[in-house]
Amino acid sequence: MSLPVIQNPGEPVTHFANAIAEDPLELMDEIEALKKERNAAILSHFYTDGDLQEIADFTGDSLKLARDAASITNPVIVFCGVHFMGESAKILSPEKTVLMPDLQAGCSLAESCQPEALARFQNELRAAGRDIQTVAYINTSAAVKSLCDWIVTSGNAREIIDRVPADKEILFVPDQHLGRYLSEVTGRKMILWPGSCMVHEVFSIQDLLRAKRNNPQAIIMAHPECPRNVLEHADVIGGTEKMRRHVAAIAEPTTFLVATEANMIHPLQKIAPQHTFIPVPGIMTSTGETCACNRCPHMARNTLQKVRDALRDMQPEIVWQPFFANAQEVLRRSLLEPAKP
């Protein structure tokens, strides 16, 4: 299905302006009762709202949640995330019912790489004599994954790149910033697809440097989906799970400037409450100045109301598609099977 870009991340999140307000605590109680009735497990990505992370049985990044979806025994999964995550859960556990609060929760990265365009480009490279293996970031549709040799997340990307035979060229899709970073840290040359994440693209170097001036002792953490000019100023570069591990390992209260989706502050505060976390861009503590919103409008489609409705109605559901079978082997090999020594 084609997943539209909803809005620019710098605009206010307005999807639910007309929704009828319901008490969050009552919704949480309803969800808990329905979850038991359906024998369901709720999975929530770190980029969803904090309330959704609190009701979840499992929280994490894309790699952890994919592994959780494959390992849990509950017959029903409610995946609070974006569409490609629900697809991956269904592919890895085809016997389970996979529900999503909103099937229109898309991903700008996944949209930037359509399967037809990728297949054409692969054929052009091979016709020119290029011996390639295609490595896809997990932020891609199942149809794209079915055309690829490896799937990576920010948590396992370096390990997977090391598994690509040295005599093969790497076509990396769709995130050019993550691909460029991986090329630099692994030494592997890559052909980069020109995609990027709409949230990580909006970070302002001016705001980042202003925040650093206002908090000179702060540690800058940035997701590798950020452009190079942001990564050049980062003290720590890594995916969401690496960020959690890093802050948890520091006992002394510290200020962190966090360059990723703003909801990531919730799990960071939860695991390391002794620290201060400032989203970049965000509210500058010294001036109160606000800058561009760095919340993902697609993740914002997940709400408590929609989780309740999904459990109550057992829909919307990720339904098995024939091409899922072609993506199953590469997902299992890349995400579930350890590297051979």
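## Ser88 and its surroundings

In which helix is Ser88 found? Ser88 is found in helix 4 of this predicted model. The relative accessible area of Ser88 is 4%, and because the cut-off for buried is under 20%, Ser88 counts as buried.

Once neighbours within four places in sequence are set aside, the residues in contact with Ser88 are Ile138, Lys145 and Leu331. Leu331 is one of the buried residues of helix 15, and helix 4 (83–92) is among the elements against which the buried residues of helix 15 pack.

## The chain as a whole

The protein chain has 15 helices and twelve strands. It has 341 residues, of which 54% count as buried. Among contacts between residues at least 6 apart in sequence, 64% join residues at least 24 apart.

## Helix 3 against helix 4

Two packed helices are described by the angle between their axes and the distance between the axes. For helix 3 and helix 4 the angle is about 35° and the axes are 8 Å apart. The crossing of helix 3 past helix 4 is right-handed. On the helix 3 side the contact is formed by Ser62, Ala66, Ala69 and Ala70, which meet Phe84, Met85, Ala89 and Leu92 of helix 4. Seven of the residues in this contact are nonpolar, one is polar and none is charged.

Helix 3 also holds Asp68. Is Asp68 buried or exposed? Asp68 is buried, since its relative accessibility is 10% and the cut-off is under 20%. Not counting residues up to four places away in sequence, Asp68 touches Leu43 and Phe58. Leu43 falls within strand 1 (40–45).

## Helix 15

Helix 15 covers residues 324–336 and bends by about 25° at Val330. Val330 is itself buried, as are Phe324, Ala327, Leu331, Arg333, Ser334 and Leu335 of this helix.

The buried residues of helix 15 pack against several elements: helix 3 (62–71), helix 4 (83–92), helix 7 (142–145), strand 6 (150–152) and helix 8 (157–163). The two helices described in the preceding section, helix 3 and helix 4, are thus both among the packing partners of helix 15.

## Helix 9 and the loop before it

Where does the cis peptide bond at Pro174 lie in the chain? Pro174 is in the loop between strand 7 and helix 9. The cis bond joins Val173 to Pro174, with omega about -15°. Asp175 caps the N-terminal end of helix 9, a side-chain oxygen of Asp175 lying 2.9 Å from the backbone nitrogen of His177.

Helix 9 runs over residues 176–186, and its buried residues are His177, Leu178, Gly179, Tyr181 and Leu182. These residues pack against four strands and two helices by name: strand 5 (132–137), strand 7 (169–173), strand 8 (190–192) and strand 10 (236–237), together with helix 8 and helix 11 (228–231). Helix 8 is also a partner of the buried residues of helix 15. After helix 9 comes Gly187, with a positive phi near 80°.

## Ile265 at helix 13

Ile265 lies in helix 13, which spans residues 265–271. With a relative accessibility of 11%, Ile265 counts as buried. Leaving aside neighbours within four places in sequence, Ile265 is in contact with Val258, Phe277 and Pro279. Ile265 and Pro279 are 14 residues apart in sequence, and their C-alpha atoms are 7.3 Å apart in space.

## Backbone exceptions in other loops

Most residues other than glycine have a negative phi, and most peptide bonds are trans. The loop between helix 14 (304–313) and helix 15 contains Pro316, and a cis peptide bond with omega about 0° joins Gln315 to Pro316. Met314 is in the loop between helix 14 and helix 15 as well. Met314 is not a glycine, yet its phi is positive, about 55°. Met314 counts as partly exposed, with a relative accessibility of 25%.

Asn39 likewise has a positive phi, near 55°, in a residue other than glycine. Asn39 sits in the loop between helix 1 (24–38) and strand 1 (40–45). Its relative accessibility is 41%, so Asn39 counts as partly exposed.

Conventions:
Residues numbered from 1 in each chain as written. Predicted model: local features only at pLDDT ≥ 70, side-chain atom pairs only at ≥ 80, totals over all residues. Heavy atoms only, no water. Bend = angle between axes of the 7 residues up to and from the residue. Buried < 20%, exposed > 50% of the residue type's maximum accessible area, 1.4 Å probe, protein only. Contact = heavy atoms within 4.5 Å. Polar contact = N/O pair within 3.5 Å; in protein donor to acceptor, adjacent residues only side chain to side chain. Axes fitted to C-alpha atoms, helices over the stretch in contact; angles between N-to-C directions. Left-handed = near helix turned anticlockwise from the far one by under 90°. Nonpolar A, V, L, I, M, F, W, Y, C, P; charged D, E, K, R; others polar.
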